[in-house]
Amino acid sequence: MYIYTYPSSFFFSQHQQIFFSILVMATFDNDEEPMVIIVGGGPGGLATSACLNKLCIPNLILEKEDCYSPMWKKYSYDRVHLHLPKQFCQLPFIPFASSSPTYIPKKQFIQYLDDYVTHFNITPFYKRNVEFAKFDEFTKKWNVKVRNGNSDEMEEYFCKFLVVATGEASYPFIPDVPGLASFTGDAFHSTQYKNAEKFKGKNVLVVGCGNSGMEIALDLANNGANTSIIVRSPMHLISREMGYLGLMLLKYKVAYTVVDTIMVMLSKLMYGDISKYYGVKRPEEGPFACKIKYGKYPVFDVGTYRKIKSGEIQVLPAMRSIRGNDVVLENGKIHQFDGIVFATGFKRTTHNWLQGDDYLLNEDGLPKPEFPQHWKGKNGLYCVGLSRRGLYGIAFDAQNIATHINSLLSE
């Protein structure tokens, strides 16, 4: 199979895109040059493509949106920064500049991704929604069927290796709250939140106490909104500096149980009994154990704790229902809001299109095998960026996948 690459400035019309898709598809059956298809153009897909390109292994990224890394380019709020120090967030082969800040802001991270894509000449196919993928035992290839968002036609691809790079954050999830449709204000998922400009002086409720929810609540409070946040689940609260210390200890092979003990001790020293302000206790297991076992990140405090402690951000229990602008809470109290931001996470839909895999991914689209063997499936199936280790796990996955594919091709 052959891959045709063009400068990023080269413009394809709709007919040209379809023509080149057909041309590429027509060459997929060439056994002399195997093909890798990567589903997803986020940082995981880009990193895997770069690693394969370094080894001169032809590959194609299929991205359902109209750009790479859409979660960063289209669906993140303005003030977001990487929560981990930059050395734990860089993609393979290209580090962040030494002059860049320790915690990279959104604009700089997007520029980093732009430079990365240009450097490795990565050219995804956009608006390609994978609807079916199955390994054919007869041809020993993956059959991938894709909906072209430009033409609404189905395209069919064949490849020897398939990489699932759809990420931990795939499709925004909003819970089915009784009466939500009757809400007369603005109600939307956190992926649609940019800044607090239109909420100044208004009553806004943030639902969800993960990192996005906490930071959006802080942004609202800092910019004149009367902010409340719903906190339901036990959580670990740590500072960025604690997170950095924990990662450095893990890097030098300190057992995560020991690291967790240190993290909880430091958190108690800095924040005390968080149930006094958040209404919930810390989980019984430590922050890194919760991350590894359940995919639940600790909350990195960037100023929200102080706002909650001072009463500038009000903590509320779970909601029971909504009636117009009235939000009825589980304790029976009613509060009125002009806006609701649902920072309630994401769902993955890999199981809807990936057929015949009973080894690598579970129903939630996350790996069944334990780390560090989580990235490798059977019949040339792989996954990247799904190990519940965020950006710092992507480089590990991508390089392992590329090296393994290269070894198979060498044989």
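The following dialogue explains how to read several features of this predicted model.

Biologist: Let us begin with charged side chains. How many salt bridges does a search of the whole structure find?

Modeller: As a general idea, side chains of opposite charge can pair when their charged atoms come close. In this predicted model, the search of the whole structure yields 13 salt bridges. One of them joins the side chains of Glu65 and Lys74, at 2.9 Å from N to O. Glu65 is buried, at 16% relative accessible area, while Lys74 is partly exposed, at 28%.

Biologist: Which residues are linked with Glu65 and Lys74 in a network of salt bridges?

Modeller: The network also takes in Lys64 and Asp66.

Biologist: Asp78 and Lys106 also meet in a salt bridge. Which parts of the chain does this pair tie together?

Modeller: The distance from N to O is 4.0 Å for Asp78 and Lys106. Asp78 belongs to the loop between α3 (70-73) and α4 (106-119), and Lys106 belongs to helix α4, so the pair connects parts that are 28 residues apart in sequence. Asp78 is partly exposed, with 42% relative accessibility, whereas Lys106 is buried, with 11%.

Biologist: Where do Glu131 and Arg147, another salt-bridged pair, lie in the structure?

Modeller: Their side chains meet at 3.3 Å, N to O. Glu131 is in strand β3 (residues 128-136) and Arg147 is in strand β4 (residues 141-148), so this pair ties together parts 16 residues apart in sequence. Glu131 is partly exposed at 35% relative accessibility, and Arg147 is partly exposed at 28%.

Biologist: Arg147 brings us to strands. How should I read the pairing of β4 with β5, parallel or antiparallel?

Modeller: Strands of a sheet pair through backbone hydrogen bonds, either parallel or antiparallel. Here β4 and β5 pair in the antiparallel sense, over 6 bridges. Arg147 has Met154 of β5 as its bridge partner. The hairpin of these two strands has 5 residues between them, and Asp152 takes a positive phi near 65° there.

Biologist: Which side chains of strand β5 point to the buried face?

Modeller: In a regular strand the side chains alternate between the two faces of the sheet. In β5 (residues 154-159), Glu155, Tyr157 and Cys159 point to one face and are buried. Met154, Glu156 and Phe158 point to the other face and are not buried.

Biologist: Now consider the open sheet of 5 strands. In what order do the strands stand?

Modeller: The order is β8-β17-β9-β10-β13, with parallel pairing. The edges are formed by β8 (186-189) and β13 (313-316); each has a single partner strand, so one side of each is left without a neighbour in the sheet. On average, neighbouring strands are turned by 20° against each other, direction ignored.

Biologist: Over how many bridges do β8 and β17 pair?

Modeller: β8 and β17 (residues 339-342) pair in the parallel sense over 4 bridges. Among the bridge partners, Asp186 is matched with Gly339 in β17.

Biologist: Which strands does helix α5 lie across?

Modeller: Helix α5 (residues 211-222) lies across β9 (203-207), β10 (226-230), β13 and β17. Its direction is at about 165° to β10.

Biologist: How should I read helix α6, and which of its residues are buried?

Modeller: One may start with the span of the helix. α6 (residues 240-251) has 12 residues and reaches 16 Å from its first C-alpha to its last, close to the 16 Å expected at 1.5 Å a residue. Arg240, Met242, Gly243, Gly246, Leu247 and Met248 are buried in α6. The elements that cover these buried residues include β11 (237-239), α7 (256-271), α9 (287-294), β12 (299-301) and α12 (390-410). Just after the helix, Lys253 takes a positive phi of about 70°.

Biologist: Finally, let us turn to the backbone in loops. Where is Cys56 found, and is this residue buried or exposed?

Modeller: Cys56 is in the loop between α2 (43-54) and β2 (59-62). The residue is exposed, with a relative accessible area of 67%. Its phi is positive, about 60°, although Cys56 is not a glycine.

Biologist: What is notable in the loop between β19 and β20?

Modeller: Asn379 lies in that loop, and its phi is near 60°, a positive value in a residue other than glycine. Asn379 is partly exposed, at 41% relative accessible area. Pro372 is also found in the loop between β19 (354-355) and β20 (381-383). The peptide bond from Phe371 to Pro372 is cis, with omega near 10°.

Terms used:
Residues numbered from 1 in each chain as written. Predicted model: local features only at pLDDT ≥ 70, side-chain atom pairs only at ≥ 80, totals over all residues. Heavy atoms only, no water. Buried < 20%, exposed > 50% of the residue type's maximum accessible area, 1.4 Å probe, protein only. Pairing = 2+ DSSP bridges. Axes fitted to C-alpha atoms, helices over the stretch in contact; angles between N-to-C directions. Contact = heavy atoms within 4.5 Å. Expected span 1.5 Å × (residues − 1).
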